[in-house]
Structures are given as structure tokens and as C-alpha cells.
Amino acid sequence: MAKVDFSEGLRREYETCFNTCVVSAQNAGTVEAIVAKILESRPRYTAVEALQNVPWFVVAVIHAMEASLSFRQHLHNGDPLTRRTTHVPAGRPSMGGPPFTWEESAADALGMRRLDGRTDWSLGGTLYQVEGYNGWGYRLHHQHVLSPYLWSLSQHYTSGKYVADGRWSDTARSKQCGAAVLLRRLAERGEIEFPDQPAPVEDARPLSVRYSGKRPEDPTLAQRAEDLQRWLNTHPGVFVKVDGAPGERTSTAYRRVTGHYLPGDPRGA
């Protein structure tokens with residue numbers, strides 16, 4: 001199977017796409033519902049992390065992509081746990097016998113790909129491994145399309161997908177939420193961090209808006225809040241949803257960058 005090398009250029013592409021990733025308002029509810037379901041099942045993902053030393057959130061987003069978060073299906077490819085896998089990769093797990101527990105099957109799926117604590121789980125490294133889990137067909141043969149396995153439901157993906165094994169369509173569109181989009185939302189909520197994304201340094205001339213729990217009715221103030229959120233997202237390790245509502249998450253990120261909460265935040269009183 002052809003493989004793409006993990007170059008510094010590819011790392012920068014992943015980081016740039018992740019840092020600028022925005023979900024449209026019409027897809028926000030879908031993303032939020034999936035993230036909520038992931039967080040409900042976090043103990044099961046951390047159990048696999050303990051077995052295989054793969055970050056729980058990586059296990060979770062692969063589970064979303066391969067099995068729609070069903071614990072009755074193999075992490076390898078979504079085949080039922082009642083028998084060994086029949087689709088690629090077939091015959092897994094090779095040890096033991098069905099029915100398999102979800103955890104043992106998940107550990108096998110990650111182990112066969114040699115994913116463990118020695119893997120590069122930086123931001124770029126994580127996205128490289130997740131894209132590779134699905135395969136490199138988009139990057140090798142359709143470079144005009146960023147893989148929907150990562151970016152579907154964000155502005156980085158519009159259309160183009162494999163509709164069957166080896167069968168490509170430029171007009172078909174993935175409706176499944178991409179793994180990188182889920183990771184981005186988890187980061188925006190403060191649920192995950194990446195080891196190479198350090199706390200940002202203070203900026204001499206930061207943007208600022210007044211703390212508010214909702215989007216301002218004044219369009220000028222709302223635009224200013226969005227500008228602030230985009231500015232915050234340019235700092236390493238800061239992931240804020242660009243929604244024009246300068247609330248708790250935005251103020252917390254602002255404090256990471258400047259050392260101060262937004263004006264009006266009761267935590268800064």
C-alpha cells in the first residue's frame with residue numbers, strides 16, 4: 001500500500017488547516033452532538049489508551065469515522081464484533097475468538113498499525129496518523145481535494161470523494177463529520193491539548209472586546225468579537241470557536257495570551 005511521508009511541509013499544512021478550521025452554523029449542531037456522545041463514552045476510550053498508549057481522543061475520532069461510535073463494531077473498519085473482520089483488513093483480530101469485546105478489538109486495530117506511545121502525537125503527527133488510517137488515496141490521486149475523512153463539514157472541504165473502492169466522483173459530497181473537525185471542537189471546548197502546542201506568549205497589542213455570554217446584537221461588536229477569536233486562534237495551543245460570542249472560553253483563551261480576562265469577566269474582578 002502506498003504511503004505518504006510525514007514531511008515538515010505536510011506538518012505545516014495540517015497545522016494551518018486545523019488552526020483556521022471553521023464549522024458553518026448549519027453543521028454546528030451535528031458536530032456538537034457527536035462531540036457530546038464522544039465525551040459520554042470517554043471512559044471506554046481511556047481504557048484503550050491504557051492498553052495501547054494511543055491518546056483517547058484519537059481512538060474516539062477513529063471510532064466515529066469507522067463505526068459511527070457504535071460499540072458493536074470493530075474499530076478496524078466497522079464490521080460486527082460477532083465475527084472476525086471480513087472487509088479490509090480482513091481476519092482481524094487474528095488472536096482469540098468471536099464475539100470480541102470492543103476494547104480488545106480496538107487495541108488490535110491500533111496495534112496492527114503500530115500506533116502506540118512512541119508515535120508522534122503532536123498536532124500534525126496526530127492528523128497524519130488519522131488521515132493514514134483511512135488511506136492516502138485523496139493525497140496521492142486527488143490532490144485538489146483535502147480528505148473529507150479529516151475536514152468534512154468544515155470550510156476546507158466542499159466535494160469530491162470515493163463512492164466505492166477505487167471509484168471516484170468529483171461531485172459527490174461526504175456528509176460524515178471529519179475527524180479533524182471533531183478534534184478541533186474538542187480543543188475549542190478545552191477537552192484536549194497537543195504536546196507541541198505550548199501556552200502562548202503575551203502579545204504587546206492584543207485585540208479586546210467586552211465579556212458577554214452571547215453574540216452582541218450590534219453587528220459591529222459581533223464582528224469585533226469574531227476578529228478577536230480569529231486572532232486568538234493564531235496563537236499556538238489556542239482553539240476558540242469563531243461565533244462572535246465573547247464568553248467564558250474566549251475569555252479564558254484571552255487570558256492565556258495576555259495574562260488577563262476580557263473586560264467584564266467576573267473571574268477577573
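Start with the largest pocket of this predicted model, which holds about 1,400 Å³ of space. To find its middle, select E66, R113, Y133, N134 and G135, the residues nearest the centre among the 34 that line this pocket.

Now colour by element. Those that give two or more residues to the lining are α4 (56–67), α6 (123–134), α7 (137–141), α8 (148–151) and β1 (161–164). Which of them gives the most? Select α6: with five residues, α6 is the main contributor to the lining of the largest pocket. By class, the lining of this pocket is made up of 16 nonpolar, 12 polar and six charged residues.

**The loop between α4 and α5**

From α4, follow the chain into the loop that leads to α5 (102–112). Select V88 and P89, which are joined by a cis peptide bond with omega of about -5°. P89 lies in this loop, and the loop also contains P99. Select P98 together with P99: the bond between P98 and P99 is cis too, and its omega is about 0°. Most peptide bonds are trans.

**The loop between α3 and α4**

On the other side of α4, go to the loop that connects α3 (42–52) with α4 and pick N53. What is the phi of N53? N53 is not a glycine, yet its phi is positive, at about 60°. A negative phi is what most residues other than glycine have.

**Helix α9 and its partners**

Next, show α9 (residues 179–188) with α1 (residues 8–20). The axes of α1 and α9 come within 10 Å and cross at roughly 60°, so the two helices are oblique to each other. The crossing of α1 and α9 is right-handed. For the contact, select F18, N19 and T20 in α1, then A180, L183, R184 and A187 in α9. This contact has four nonpolar residues, two polar ones and one charged.

Keep α9 on screen and swap α1 for α2 (residues 25–40). How do α2 and α9 cross? Their axes come within 10 Å, with a crossing angle of roughly 75°, which means that α2 is roughly perpendicular to α9. On the α2 side, select V31, E32, I34, V35, I38 and L39; they meet V181, L182, R185 and L186 of α9. The contact of α2 with α9 consists of eight nonpolar and two charged residues, with no polar ones.

Definitions and conventions. Residues numbered from 1 in each chain as written. Predicted model: local features only at pLDDT ≥ 70, side-chain atom pairs only at ≥ 80, totals over all residues. Heavy atoms only, no water. Axes fitted to C-alpha atoms, helices over the stretch in contact; angles between N-to-C directions. Helix = DSSP H or I, 4+ residues; strand = E, 2+ residues; numbered from the N terminus. Parallel < 35°, antiparallel > 145°, perpendicular 65-115°, else oblique. Left-handed = near helix turned anticlockwise from the far one by under 90°. Contact = heavy atoms within 4.5 Å. Nonpolar A, V, L, I, M, F, W, Y, C, P; charged D, E, K, R; others polar. 1 Å grid on protein atoms, 1.4 Å probe; cavity = no way out; pocket = protein on both sides within 12 Å on 5 of 7 lines; lining within 4 Å. Points joined across faces, edges and corners; volume = space filled by probe spheres on them.
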